[in-house]
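Reader: I would like a close look at a single part of this model, the largest pocket, and at what surrounds it. Please keep the account connected and leave out anything that the coordinates do not show.

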Amino acid sequence: MRSRALGTGPQQPIFGPMKTIFYDGKCGLCRREIEHYRKLALKRGVDRFEWVDVAADPSAASRLGVDQATALLHMHALDDAGEVRRGVDVFRVIWEEFPGWRWLAKLVSLPGINALARLGYEAFARIRFRLYPHCQVAKRQVAGS
């Protein structure tokens, strides 16, 4: 299990499992959202995250067992058990770390809401992927190999 010392204050380090979040740092919306969660984690002393920009580091996708284009299409995460999560499930991995957000993780877990959230995320992800040139370059590289 991966773990790292965490600081909840200057004198109270705690240990906890790491969660690795893979995102597209060239997508403005994605970058802003991840920056929001990053600041929130640091502010609340729950920085159990490793944030990986797969646009900046194409080889990072191999940690997930996928190519860069796939990693750019959907957000991915390695949860604290080392399981790969994708799409809406990544938000649940993040939200479960923040006391004020856990209710949202539970809400998105409900069957009907989960299905709608997955449909919405999938539609957004596909549209966003088609609009960004770096995503198309990664897609062509995969097709050419």
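**The largest pocket and its surroundings**

Author: Arg-38 is in contact with Tyr-23 and Trp-51, once neighbours within four places in sequence are left aside. That arginine is located in helix 1, and helix 1 (28–44) is one of the elements that supply at least two residues each to the lining of the largest pocket. Since this is a predicted model, everything below describes computed geometry. Arg-38 is partly exposed, because its relative accessible area is 27%, and buried would require under 20%. Its C-alpha atom is 8.1 Å from that of Trp-51, with the two positions 13 residues apart in sequence numbering.

Now the pocket. The largest pocket holds about 180 Å³ of space. It is lined by 15 residues, and those closest to its centre are Cys-30, Met-75, Phe-91, Tyr-121 and Phe-124. By class, 11 of the lining residues are nonpolar, one is polar and three are charged. Besides helix 1, both helix 2 (68–73) and helix 5 (111–131) supply at least two residues of the lining.

Two of the central residues can be followed further. Phe-91 sits in helix 3, which covers residues 88–95. Phe-91 counts as buried because its relative accessibility is 11%. Not counting residues up to four places away in sequence, Phe-91 touches Glu-33, Tyr-37, Met-75 and Tyr-121. Of these partners, Met-75 and Tyr-121 are also among the residues closest to the pocket centre. Phe-91 and Leu-104 lie 13 residues apart in sequence, and their C-alpha atoms are 9.3 Å apart.

Cys-30 is the other one. Its relative accessibility is 12%, so Cys-30 counts as buried. A second cysteine, Cys-135, is in no disulfide, and the nearest cysteine sulfur to it, that of Cys-27, is 7.8 Å away; a disulfide would need the sulfur atoms within 2.5 Å. The structure as a whole holds zero disulfides. Cys-135 counts as buried because its relative accessibility is 0%.

Cys-135 leads to helix 6, where His-134, Gln-136 and Ala-138 are buried as well. The buried residues of helix 6 pack against helix 2 and helix 5, and helix 2 and helix 5 both contribute to the pocket lining. Helix 6 runs over residues 133–144, and its 12 residues should span 16 Å at 1.5 Å a residue; the end C-alpha atoms are 16 Å apart, so the two values agree.

Between helix 5 and helix 6 there is a loop, and Tyr-132 is found in it. Tyr-132 is partly exposed because its relative accessibility is 24%. Leaving out residues up to four places away in sequence, Tyr-132 touches Lys-26, Cys-27 and Gly-28. Tyr-132 and Leu-72 are 60 residues apart in sequence, yet 10.0 Å apart in space from C-alpha to C-alpha.

As for the setting, the protein has six helices and six strands. From the N terminus, the order of elements is β-β-β-α-β-α-β-β-α-α-α-α. Of the 145 residues, 43% are buried. Among contacts with a separation of 6 or more, 58% join residues 24 or more positions apart.

Conventions. Residues numbered from 1 in each chain as written. Predicted model: local features only at pLDDT ≥ 70, side-chain atom pairs only at ≥ 80, totals over all residues. Heavy atoms only, no water. 1 Å grid on protein atoms, 1.4 Å probe; cavity = no way out; pocket = protein on both sides within 12 Å on 5 of 7 lines; lining within 4 Å. Points joined across faces, edges and corners; volume = space filled by probe spheres on them. Helix = DSSP H or I, 4+ residues; strand = E, 2+ residues; numbered from the N terminus. Nonpolar A, V, L, I, M, F, W, Y, C, P; charged D, E, K, R; others polar. Expected span 1.5 Å × (residues − 1). Buried < 20%, exposed > 50% of the residue type's maximum accessible area, 1.4 Å probe, protein only. Contact = heavy atoms within 4.5 Å.
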